[in-house]
Amino acid sequence: MTGLSASGNYVFLGSRNQNRIYYYTLPNITTRKDFTYMMGFSTTCDIAFNATDSLVWVASENTSICIKCYDTNNTMVDYIPNTMIANARGMALDPGGYLWVSDIDADKIYKIDLTEGIEEQTQDITVTPSSNPFCGAVTIQTPGLNASVVVFDMHGRQIVSDSFQESWTWNSSSPAGHYVFVITDDQGASTTLDLVKI
Amino acid sequence: MRKILFLLFVIAAAASAKAIVATLDAPDTNISGLAWGDGSLWAMDAVTDSVYKLNPETGAVISSFYFTHPVTTVPTGLAYSETHNMVLCGGWYNTNGYVYKYTPEGSYIGFVDMCGG
């Protein structure tokens, strides 16, 4: 158990060992109920519960995506890459909907606008896939750049991560479906591709 | 199929729109829990076992107290219950989890063994 968040008569608890979010009745912390399963995430830390949308934000020691947001259907519906927060641990949501995150590498606490604004610390890079949809293999190109790539399936599970120079080919036995590619260059700029394997 | 495509589009669009709008100096070097309550930001440190009440505009420490727990337990996860006016401090040790309850002034109320839960 590494994460806590309270709302009304409930406390939400993030179980690192079970990869699950439970909630209990306050003040005595009784009557456990399931909230969600953190599909594709591990080494989780603190959590922040969004009562308005019934979502939970979860920090992790994951080296590519440090924060994910899950709904009650075990589905990742949002995320924050490590290019914005390097090593997230503590998490809280304030009444205005801002997410507060502690970063133990920078010894800072960040207030994040989840809904609006222009990114301060990341920018898009040009990434070109060989085809979309693709059959069998796909090649992504980042002309003139060294970059890293992380691929997630539609459940938010990390399928593969790799580093490459200008071109990277994914020749995977993964089943047909939708995959999210997060590509980050060595300057920290990143972009996301939504590719379909048929 | 369309629903899946729409969901992925929303995920990608939302992720690219986020922005850091304020940055505070952390009151300690291993902040492992944050919470919001009583109009303040609360932070807990995993090494010094301190719980801080912070001014969210400046990061200044308004008050603090020590989170007392067994030596083997690592402080991680913090919550503030506005409804019950208590601070909940998480303690994690291997497969076991504990929730320690304090008043906002730092008086110990009790703890609950979560049996790993």
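**Chains A and B: the interface and its strands**

I would like to begin with one pair of residues, B:Asp25 and A:Lys108, which form a salt bridge whose closest N and O atoms are 2.4 Å apart. Please keep in mind throughout that what we are looking at is a predicted model.

That pair belongs to a short list, since the count between chain B and chain A is two salt bridges. Polar contacts across the interface of chain B and chain A come to 14 residue pairs, with both residues at pLDDT 80 or more. On the chain B side, the elements that each supply at least two of the residues touching chain A are helix 1 (2-17), strand 1 (19-25), strand 2, strand 6 (74-81), strand 7 (86-93) and strand 8 (96-102). Helix 1 of chain B gives the largest share of that side, namely 10 residues. If we sort the residues of the side of chain B that touches chain A by character, we find 35 nonpolar, 19 polar and four charged.

How much area do the two chains bury between them? The size of an interface is often expressed as the accessible area that is lost when the parts come together. For chain B and chain A the figure is about 4,700 Å², with 66% of it on carbon and sulfur atoms, and the contacts involve 58 residues of chain B and 63 residues of chain A.

The chains also share strand pairing, because strand 11 (residues 108-113) of chain A and strand 1 of chain B pair in the antiparallel sense over six bridges, as DSSP finds at least two bridges between them. Within that pairing, A:Lys111 has B:Ala22 of strand 1 of chain B as its bridge partner.

Let me turn now to chain B itself, and to its strand 2, residues 31-37. Why can we call this strand largely enclosed by the rest of the structure? The reason is that seven of its seven residues are buried. Strand 2 of chain B pairs in the antiparallel sense with strand 3 (residues 40-45) of chain B over six bridges, and B:Gly33 has B:Met44 in strand 3 as its bridge partner. The hairpin made by these two strands has two residues between the strands, and B:Asp38 takes a positive phi near 55° there.

Chain A offers a hairpin as well, formed by strand 13 and strand 14 with four residues between them, where A:Gly156 in the turn has a positive phi of about 85°. Strand 13 (residues 137-153) and strand 14 (residues 158-171) of chain A pair in the antiparallel sense over 12 bridges, and A:Ile140 stands opposite A:Trp168 in strand 14 of chain A.

Notes. Residues numbered from 1 in each chain as written. Chains lettered and ligands numbered in written order. Predicted model: local features only at pLDDT ≥ 70, side-chain atom pairs only at ≥ 80, totals over all residues. Heavy atoms only, no water. Buried < 20%, exposed > 50% of the residue type's maximum accessible area, 1.4 Å probe, protein only. Contact = heavy atoms within 4.5 Å. Buried area = accessible area lost by both parts, 1.4 Å probe. Salt bridge = Lys/Arg side-chain N within 4 Å of Asp/Glu carboxyl O. Polar contact = N/O pair within 3.5 Å; in protein donor to acceptor, adjacent residues only side chain to side chain. Nonpolar A, V, L, I, M, F, W, Y, C, P; charged D, E, K, R; others polar.
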